[in-house]
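Me: Got a minute to look at a model with me? I'll throw short questions at you as I go.
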Amino acid sequence: MGATLVLRNKKVREGIIIELAVWILDAPVDGCSHRFKYRLFCGVLETGSSLVRYDNERGKGDHRHVVDGEQPYVFTSLEKLFADFEGDVREVLKK
């Protein structure tokens, strides 16, 4: 399966790391209806522990990991994905 990198971005600020990686695939990942493969991560730089993570993997499909566990995620567009991730990051960092 071919993959073309669409976006890769990494920011570190005040001990928090945010990494975004998105590829477009020839065919959808099993469990997804779109051709994007993505990993959006926000975590603690020193420990590498995850605060918020959105990803899609074969068989599991689209889902998100937040402090209180893993939940399914309904993918509609990249713009909505980024906005939802940013909202969760802001919420977690407020605590």
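Me: Start with the hairpin of β1 and β2. Which residue takes a positive phi there?
Reply: E14 does, with phi near 50 degrees, and the hairpin has two residues between its strands. Keep in mind that this is a predicted model.

Me: Why flag the sign of phi at all?
Reply: Because most residues other than glycine have a negative phi. E14 has a positive value and is a residue other than glycine.

Me: Is E14 buried or exposed?
Reply: E14 counts as exposed, as its relative accessibility is 74% and the cut-off for exposed is over 50%. E14 sits in the loop between β1 and β2.

Me: And the strands on either side, how do they pair?
Reply: β1 (residues 3-13) and β2 (residues 16-25) are antiparallel, with ten bridges. For registry, R8 is opposite A21 in β2, and N9 is opposite L20 in β2.

Me: How many residues of β1 are buried?
Reply: Zero of its eleven, so β1 lies largely in the open.

Me: And how many for β2?
Reply: Seven of the ten residues in β2 are buried, so to put it in plain words, that strand is mostly covered.

Me: What does β2 pair with besides β1?
Reply: β2 also pairs with β3, in the antiparallel sense and over nine bridges. There, I18 stands opposite C42 in β3.

Me: Where does S33 lie?
Reply: In the loop between β2 and β3, the latter being 36-44. S33 is exposed, and its relative accessible area is 71%.

Me: How far is S33 from F75?
Reply: In sequence they are 42 residues apart; in space, S33 and F75 are 8.7 Å apart, C-alpha to C-alpha.

Me: Switching to the helix. Is D88 buried or exposed?
Reply: D88 is buried: its relative accessible area is 17%, and the cut-off is under 20%. D88 belongs to helix α1, which covers residues 78-94.

Me: What does D88 touch?
Reply: Leaving out residues up to four places away in sequence, D88 touches V52, Y54, R64 and V66.

Me: OK, zoom out. What's the order of elements along the sequence?
Reply: The pattern is β-β-β-β-β-β-α. In total that is one helix and six strands.

Me: How does its radius of gyration stack up against the globule rule?
Reply: The radius of gyration is 13 Å, close to the 12 Å that the rule gives for 95 residues, so the protein is as compact as a globular protein of that length. As for extents, the C-alpha trace spans about 40 × 25 × 25 Å along its principal axes.

Me: What share of the 95 residues is buried?
Reply: Buried residues make up 37% of them.

Me: And the surface, how much does the protein expose?
Reply: About 6,000 Å², with carbon and sulfur atoms supplying 51% of that area.

Me: What about long-range contacts, what share do they take?
Reply: Among contacts with a separation of 6 or more, 36% involve residues 24 or more positions apart.

Me: Last one, on charges. How many are there of each sign, and how far apart are their mean positions?
Reply: There are 15 positive and 15 negative charges, and their mean positions are 3 Å apart.

Conventions: Residues numbered from 1 in each chain as written. Predicted model: local features only at pLDDT ≥ 70, side-chain atom pairs only at ≥ 80, totals over all residues. Heavy atoms only, no water. Helix = DSSP H or I, 4+ residues; strand = E, 2+ residues; numbered from the N terminus. Rg over C-alpha atoms; globule rule 2.2 N^0.38 Å. Buried < 20%, exposed > 50% of the residue type's maximum accessible area, 1.4 Å probe, protein only. Contact = heavy atoms within 4.5 Å. Areas by Shrake-Rupley, 256 points an atom, 1.4 Å probe, with all protein chains shown as cover. Lys, Arg positive; Asp, Glu negative; His and termini not counted. Charge placed at Lys NZ, Arg CZ, Asp CG, Glu CD. Pairing = 2+ DSSP bridges.
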